[in-house]
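Below is a short set of questions and answers on one sheet and what packs on it. Please look at the sequence and structure first.

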Amino acid sequence: MTEKQTTLKESVTIEGQGLHTGQKGSMTFVPAPAGHGIKFKRTDLPGTPVVDAIVNNVISTNRGTCIGIGEAKIHTIEHVMAAFRGMSVDNALVEVDMEEVPIKDGSAKYFVEAIDKVGIQELDAEREYYVIEETITMEIPDKKTRIEIRPSKRFSVDTVIDFESRVLGEQVAKMEDISQFKAEIAPCRTFVFLHELEFLLKNNLIKGGDLNNAIVFVNRKVPQEEMDYLADLFNKPRVKVNGNGILNNLSLYFDNEPARHKLLDVIGDLYLLGKPIKGHITATRPGHHANTEFGKLILNHFNQKN
Ligand SMILES: [Zn+2]
């Protein structure tokens with residue numbers, strides 16, 4: 001049985017704020033023909049440039065995956081890409097009127113809901129996969145990162161994270177089939193450690209972040225005056241640390257939500273191959289740099305064969 005390529009039945013718009021620039025804007029998913037793939041269009045720039053969402057257009061992996069050609073950059077695309085892969089959307093044009101996509105709650109939930117709202121349409125063309133036929137492994141020893149993909153009839157991902165910290169030690173997440181994505185992976189939000197957050201705030205690297213779009217882990221005792229300072233920054237009357245080392249009133253959807261979010265990132269980053277994969281991935285301590293480098297390694301593998 002062959003599967004058909006898909007796109008959206010109609011356009012759908014999501015409004016929101018970018019995490020890093022704090023810009024407010026909108027993003028519209030527009031239906032696209034077979035063979036188009038996923039592309040991003042900067043509607044706010046002269047000439048409305050379009051950038052293909054492919055791994056060779058990745059220009060930065062610092063706190064999010066950024067693609068770009070020249071001045072046309074789009075930051076933090078990974079959760080949108082995960083939503084397309086998770087919902088099996090092959091073709092779409094993503095129009096954005098700012099330099100990053102809305103962060104929403106730091107998960108892929110809102111993007112999945114938008115896709116669900118308009119529905120998916122089959123196109124008259126066969127879906128192609130990268131079918132993994134031999135194991136490919138990549139290691140980054142100084143980060144203790146290891147990513148491996150081996151042959152499998154479906155697309156499945158295991159992630160292992162370990163921040164070697166009291167509040168966030170080793171944690172494992174598994175997705176055995178893409179059909180689990182929507183309920184079990186898409187809602188899982190990004191996370192950050194308090195010391196990173198303070199660095200980001202002081203260096204103006206995070207602006208749209210309020211306490212609702214990242215799980216904040218607190219690794220140390222924080223003096224009350226610092227908590228008050230944070231509350232001010234985030235426009236909250238007060239913030240506190242819960243028993244499990246998480247800041248504020250935000251509660252986890254799953255005990256292993258951070259590992260599930262890293263799994264979501266792996267799915268989104270590897271959809272930058274331009275086609276879905278059939279293979280089983282095991283990713284230990286993954287990150288955007290490792291994920292996109294691994295994507296390039298897979299592509300090289302296929303290019304050498306042909
Ligand atoms: Zn992420």
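Two strands count as paired if DSSP finds at least two bridges between them. The model is predicted.

Q: In what order do the 5 strands of the open sheet lie?
A: The sheet is open and its pairing is mixed. Its twist averages 20° from one strand to the next. The order of the strands is β2-β3-β9-β4-β5.

Q: Which are the edge strands?
A: An edge strand here pairs on one side only. That holds for residues 12–17 and for residues 50–52. The edge strands are β2 and β5.

Q: How many bridges join β2 to β3?
A: β2 and β3 form a hairpin with 6 residues between them, and Gly22 in the turn has a positive phi of about 75°. The two strands run antiparallel, and Glu15 has Ser26 in β3 as its bridge partner. The number of bridges joining them is 6.

Q: Which residue in β9 stands opposite Thr28?
A: Strand β3 (residues 24–31) and strand β9 (residues 92–96) run antiparallel and are joined by 5 bridges. Met27 stands opposite Val96 in β9. For Thr28, the residue opposite is Glu95.

Q: What angle does the direction of helix α2 make with that of β2?
A: Helix α2 spans residues 109–118 and packs on the sheet. The strands α2 touches are β2 and β3, which also form the hairpin. The direction of α2 makes an angle with that of β2 of about 160°.

Terms used:
Residues numbered from 1 in each chain as written. Predicted model: local features only at pLDDT ≥ 70, side-chain atom pairs only at ≥ 80, totals over all residues. Helix = DSSP H or I, 4+ residues; strand = E, 2+ residues; numbered from the N terminus. Axes fitted to C-alpha atoms, helices over the stretch in contact; angles between N-to-C directions. Contact = placed C-beta atoms within 7 Å.
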